[in-house]
Every structure is written in C-alpha cells, then in structure tokens.
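Subject: Structure for your files

Hello,

Please find the structure below, with the sequence. My notes on it follow.

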Amino acid sequence: EKVREVVKEIAENWAKNPSTLGALGTARGVMPLNAGGILPTRNFITGTFEKAEAICGETMRDTILVSRGTCYGCPVRCKREVKVEEPYRVDLEYGGPEYETLGAFGSLCGIGDLKAIAMANQLCGAYGIDTISTGTTIAFAMECFEKGILTPRETDGIKLQFGNAEAMVAMVEKIGKREGFGDLLAEGVKTAAEK
C-alpha cells in the first residue's frame with residue numbers, strides 16, 4: 001500500500017511539474033552536452049559536433065517521433081517510438097534511439113542523419129546487439145579508416161569514413177550477421193584493436 005501511495009504522489013507531482021524528459025526522452029541531453037563540449041564526437045577526438053541539432057531530442061520530436069511509451073507505473077513516458085519511410089524503413093515496434101544510441105551512431109561516428117541512426121537502432125534491436133557497443137566499435141573502425149590503418153580492402157569495400165551514414169548502417173548489418181569485416185567488429189573494440 002505504501003508503494004502505491006508513493007507512486008500516486010510521484011505521478012500527481014510529475015503531472016504538475018513536467019520536465020522535458022517525457023517530451024524529448026534522454027535525447028534531451030544532446031544539445032546541453034554539445035554546448036558543454038562533452039558530446040562524444042568522432043571516436044572521442046572532440047566533444048562538440050557541428051550537426052548536434054540534427055540528432056537532438058527536439059529534432060526527433062519534430063520529425064520522426066510518432067508516440068511515446070512508458071514502463072509500467074511510470075508517468076514520464078520517455079520511451080521513443082519512431083517511424084521512417086525513406087530512405088530507410090523504420091518501424092515503431094523497435095522503439096526509437098535514446099541518447100546513448102544517438103551518441104554512438106550519431107556524433108561518435110560523425111553522422112548527423114537521424115533516419116540512419118533510427119535504422120541502426122532498429123537493426124541492433126532485430127539482431128539483439130547493443131547499440132552503444134556497436135556504434136562505438138564502428139566509430140573506432142572509422143577512425144582507423146580515416147588514419148589509413150584500414151582500407152576498403154579490409155572493410156569489404158565500404159568507405160568507413162566519419163559522416164558516412166550509409167557505411168555505418170551497412171556495417172551494423174554486417175556486424176549483426178557476422179559477415180566479412182563485420183565478423184571481426186562483432187567481437188568489439190579490444191579484439192579488433194588487437195587484430
């Protein structure tokens with residue numbers, strides 16, 4: 001009974017004093033972190049991303065967000081449900097990207113394409129792989145590519161350059177299927193770095 005009382009009190013107070021967490025989800029952190037110089041960008045080479053506004057919570061809300069879900073008993077409703085038709089087909093059932101996913105596939109990979117990030121999020125959900133680890137591993141491979149450590153010969157012909165949204169999505173697919181270069185990246189950054 002006491003737990004029910006507390007939940008009811010929180011729900012009532014939340015409704016009176018809403019925050020941006022419900023409206024923007026954890027993606028609300030993108031712009032403040034960018035302004036503070038601590039948004040992980042291009043495999044942590046820098047902390048500011050010139051395309052942060054393209055992947056922030058406000059942009060998601062205004063473009064691809066269809067609805068918001070919630071965990072049982074939680075009044076916040078921060079779960080994102082997004083839909084994209086072109087150039088990728090992203091379905092609501094996989095939910096939408098949260099801050100960590102936006103950071104991993106977005107700023108960390110130098111990608112300001114919210115639709116591509118939503119597709120990467122969906123692919124990770126479909127394959128049962130972690131978005132943070134997958135995005136971080138791809139960002140590492142992108143830095144290696146940029147520095148000439150990797151070439152299209154090793155990456156199955158994919159130009160893994162920072163900002164290449166199509167390459168990022170293709171690599172998520174390869175990691176999920178453990179195909180070609182994706183098989184190595186599926187093992188994570190440590191194993192890939194050792195190789």
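Leu160 is a convenient place to start. Leaving aside neighbours within four places in sequence, Leu160 is in contact with Ile138, Ala141, Met142, Phe145, Thr155, Ala167, Met171 and Phe181. Please keep in mind throughout that this is a predicted model.

Leu160 also belongs to the largest nonpolar core, a set of 49 residues, in which Ile138, Leu160 and Met168 touch the most other members. The elements that give two or more residues to this core are helix H5 (99-105), H6, H7, H8 and helix H9 (181-185). Of these, H6 gives the most, with 8 residues.

Next, the helix packing. Two packed helices are described by the angle between their axes and the distance between those axes. I looked at two pairs, and H8 is in both of them.

The first pair is H7 (residues 131-146) with H8 (residues 165-177), which pack at an angle of about 120° with their axes 11 Å apart. Because the angle falls outside the range of 65 to 115 degrees for roughly perpendicular and is not over 145, H7 is oblique to H8. The crossing of H7 past H8 is right-handed. On the H7 side the contact is made by Thr134, Ile138 and Met142, and on the H8 side by Met168, Met171, Val172 and Ile175. Sorted by class, these are 6 nonpolar residues, 1 polar residue and no charged residues. Ile138 and Met168, both in this contact, are also two of the residues singled out in the core above.

The second pair is H6 (residues 114-127) with H8, whose axes come within 10 Å and cross at roughly 0°. Since angles under 35 degrees count as roughly parallel, H6 is roughly parallel to H8. H6 contributes Ala116, Ile117, Met119, Ala120, Leu123, Cys124 and Tyr127 to the contact, while H8 contributes Ala165, Met168, Val169, Val172, Glu173, Gly176 and Lys177. The residues of this contact divide into 11 nonpolar, 1 polar and 2 charged. Met168 and Val172 of H8 appear in the contact with H7 and again in the contact with H6.

Some single residues in the helices are also worth listing.

Gln122 has its place in H6. Is Gln122 buried or exposed? Gln122 counts as buried, with 10% relative accessibility, because the cut-off for buried is under 20%. Neighbours within four places in sequence aside, Gln122 is in contact with Arg89, Val90, Asp91 and Tyr94.

Ala104 is found in H5 and counts as buried at 4% relative accessibility. With neighbours within four places again left out, the contacts of Ala104 are Cys109, Thr131, Ile132, Gly135 and Thr136. The C-alpha atoms of Ala104 and Ile117 are separated by 9.0 Å, and these two residues are 13 residues apart along the chain. Ile117 is one of the H6 residues in the contact with H8.

Thr20 is in helix H2 (residues 20-24) and counts as partly exposed, at 42% relative accessibility. Beyond its neighbours within four places in sequence, Thr20 is in contact with Gly25 and Arg28. Thr20 and Val76 are 56 residues apart along the chain, and their C-alpha atoms are separated by 9.3 Å.

Finally, the backbone. Which residues does a cis peptide bond join? The bond is between Glu86 and Pro87, with omega about -5°. Pro87 is placed in the loop between strand E2 (79-82) and H5.

Two residues other than glycine have a positive phi, Asn43 with a value near 55° and Asp156 with a value near 60°. Asn43 lies in the loop between helix H3 (30-35) and helix H4 (57-63), and is buried, with a relative accessible area of 15%. Asp156 lies in the loop between H7 and H8, and counts as partly exposed at 37% relative accessibility.

Regards

How values were computed
Residues are numbered from 1 along each chain as its sequence is written. This is a predicted model: local features need pLDDT of at least 70, side-chain atom pairs count only at pLDDT 80 or more; totals for chains, interfaces and linings use all residues. Side-chain values use heavy atoms; hydrogens and water are left out. Axes are lines fitted to C-alpha atoms, for helices over the stretch in contact, and angles run from 0 to 180 degrees between N-to-C directions. Helices (H or I, at least four residues) and strands (E, at least two) are DSSP runs, numbered from the N terminus. A crossing is left-handed if the near helix is turned anticlockwise from the far one by less than a right angle, and right-handed if clockwise. Contact means heavy atoms within 4.5 Å. Ala, Val, Leu, Ile, Met, Phe, Trp, Tyr, Cys and Pro count as nonpolar, Asp, Glu, Lys and Arg as charged, and the others, Gly among them, as polar. Buried means under 20% relative accessible area, exposed over 50%, partly exposed in between (1.4 Å probe, protein chains only). A nonpolar core is a set of buried Ala, Val, Leu, Ile, Met, Phe, Trp, Tyr and Cys residues joined through side-chain atoms within 4.5 Å.
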